[in-house]
Amino acid sequence: GRRTGGAVVTLPPQYVAEHLELGYATTAHRAQGRTVDTAHALVSAASTREVLYVAATRGRQANRVYVDTAFDPDVDTAHGTTPARDPVEVLRGVLATPSADTAASQALEQAWQQRHGIATVWAEYTTIAAEACRGRYDTLLASCGLQPHELAAVQTSPAYGALLGALREADGAGLNLATAFPRLVQGRPLNSADDVAAVLHGRLQRWTVAAGGHDPGAQRIAGLFPAAPPTTDPDTQQALDERAVLIHDRARHLAALAAQRQDAWVRQLGGPPADPERRQAWYRQLVTVAAYRDRWHITSDRQPFGGPPTNEEQAADLHRAQRAAHAAIDIHRQAAWKATQERHPVPHTPGHSRGFGPTL
């Protein structure tokens, strides 16, 4: 910043090219839940503790706070020119000033959840994975037979993220994308498609299942999210692995908490069986549903999946979460049937065939 001078600053072109980057300004309220590479927060004596916490936790690589030492929020003492205050004193005042409409503990909890929730960590994971796979998928999309306008439409579509996720899933399953994906693109015309990326996503998903690449949970984080294929860069792989662990651990924590509270949506999935093996299998399905709820901010206590999906990515996640819910119900029913049979065994007589329990 400049301490003197007017509102217009002229910089040499070479300096601009080498040292400046385009940035966007927003309020802390609008920035909640967003993550950027570097965040620069402007704080004054009128700021509140919760706003400061949100503003100072948006950056992945760095967070800088700029303190306005001349602003006086008291209109009775502000007379145009205010003596500069110590920036530490200003920050102490901000930290001691909670928002009037939100308790400090609640605001801190919300801010922590926004920063460490699955939606934020998954966004970081996909950003890192996209960068690691950028060259491979850019080349694949550019050489698969799409017209230039179709390629541009794919890359700007709301379904583009879901398509990249399906590509990562097929990659992680060891399928031959280089040969198969161009065939999927060119197999049927795309002229009438309203959203080319959504159409390709559907084709790729169906082919992945048909090709034997669908192994529920094996290549997924928390049973829900497609894991990125291994990378050769150790730092990138470590970043991916760390975020995968964070997502899985949070989903497990949320599932255990919901089961302990006996939330209504958990009761719809039956209950944890007494048998240790079935109990573990039931909890694995519960973790997947909990991951979906946190990823898409589902807060309904009675509806496990909330309302209908709003985009292709959520629709794909919803399908997997619903499959996990059905699996949990089936596990619960099988365990209940077995317990009933053990309490009241059916005598085996010639010509009588034992059943194998109910099916969904």
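Reader: Which residue does R261 meet, side chain to side chain, in a salt bridge?
Author: First, some ground rules: this is a predicted model, where local features need pLDDT of at least 70, side-chain atom pairs count only at pLDDT 80 or more, and totals for chains, interfaces and linings use all residues. Residues are numbered from 1 along each chain as its sequence is written, and side-chain values use heavy atoms, with hydrogens and water left out. A salt bridge here is a side-chain nitrogen of Lys or Arg within 4 Å of a carboxyl oxygen of Asp or Glu. For R261, the N to O distance is 2.7 Å, and the partner is D263.

Reader: Okay, and is D263 buried or exposed?
Author: Buried is under 20% relative accessible area, exposed is over 50%, and partly exposed is in between (1.4 Å probe, protein chains only). D263 has 12% relative accessibility, so it counts as buried.

Reader: How many salt bridges are there by this rule?
Author: R261 with D263 is one pair, and D317 with R320 also makes a salt bridge, at 2.7 Å from N to O. By this rule, the count comes to 6.

Reader: How many residues apart are R243 and E124?
Author: These two form a salt bridge, with their closest N and O atoms 3.1 Å apart, and both are buried. Helices are DSSP runs of H or I with at least four residues, strands are runs of E with at least two, and the numbering starts at the N terminus. R243 sits in helix α11 (residues 234-261) and E124 in helix α6 (residues 118-142), which links distant parts of the chain: the gap is 119 residues.

Reader: Which helix holds both D317 and R320?
Author: Both of these residues are buried. They lie 3 residues apart, about one turn of the helix, and that helix is α14.

Reader: Y125 is in helix α6 too, but how far is its C-alpha atom from that of E242?
Author: Y125 counts as buried, because its relative accessibility is 3%. Contact means heavy atoms within 4.5 Å, and beyond its neighbours within four places in sequence, Y125 has contacts including L240, R243 and A244. Y125 and E242 are 117 residues apart along the chain, yet their C-alpha atoms are separated by 9.2 Å.

Reader: What span should helix α10 have?
Author: The rule is 1.5 Å times one less than the number of residues. Helix α10 (residues 196-210) has 15 residues, and its end C-alpha atoms are 21 Å apart, which agrees with the expected span of 21 Å.

Reader: Which residue caps the N-terminal end of α10?
Author: Plenty of α10 is buried, including V196, A197 and L204. Its buried residues pack against α7 (148-155), α8 (160-172), α9 (177-186) and α14. At the N-terminal end, a side-chain oxygen lies 3.1 Å from the backbone nitrogen of A197, and the capping residue is D195.

Reader: Is D294 buried or exposed?
Author: D294 belongs to helix α13 (residues 276-295). Leaving out residues up to four places away in sequence, it touches G117, I118, A119, R250 and L254. Its relative accessible area is 16%, so D294 is buried.

Reader: Last one: how many helices and strands does the chain have?
Author: Of its 360 residues, 37% count as buried. Among contacts between residues at least 6 apart in sequence, 67% join residues at least 24 apart. As for the elements, the chain has 14 helices and 4 strands.

Conventions
Polar contact = N/O pair within 3.5 Å; in protein donor to acceptor, adjacent residues only side chain to side chain.
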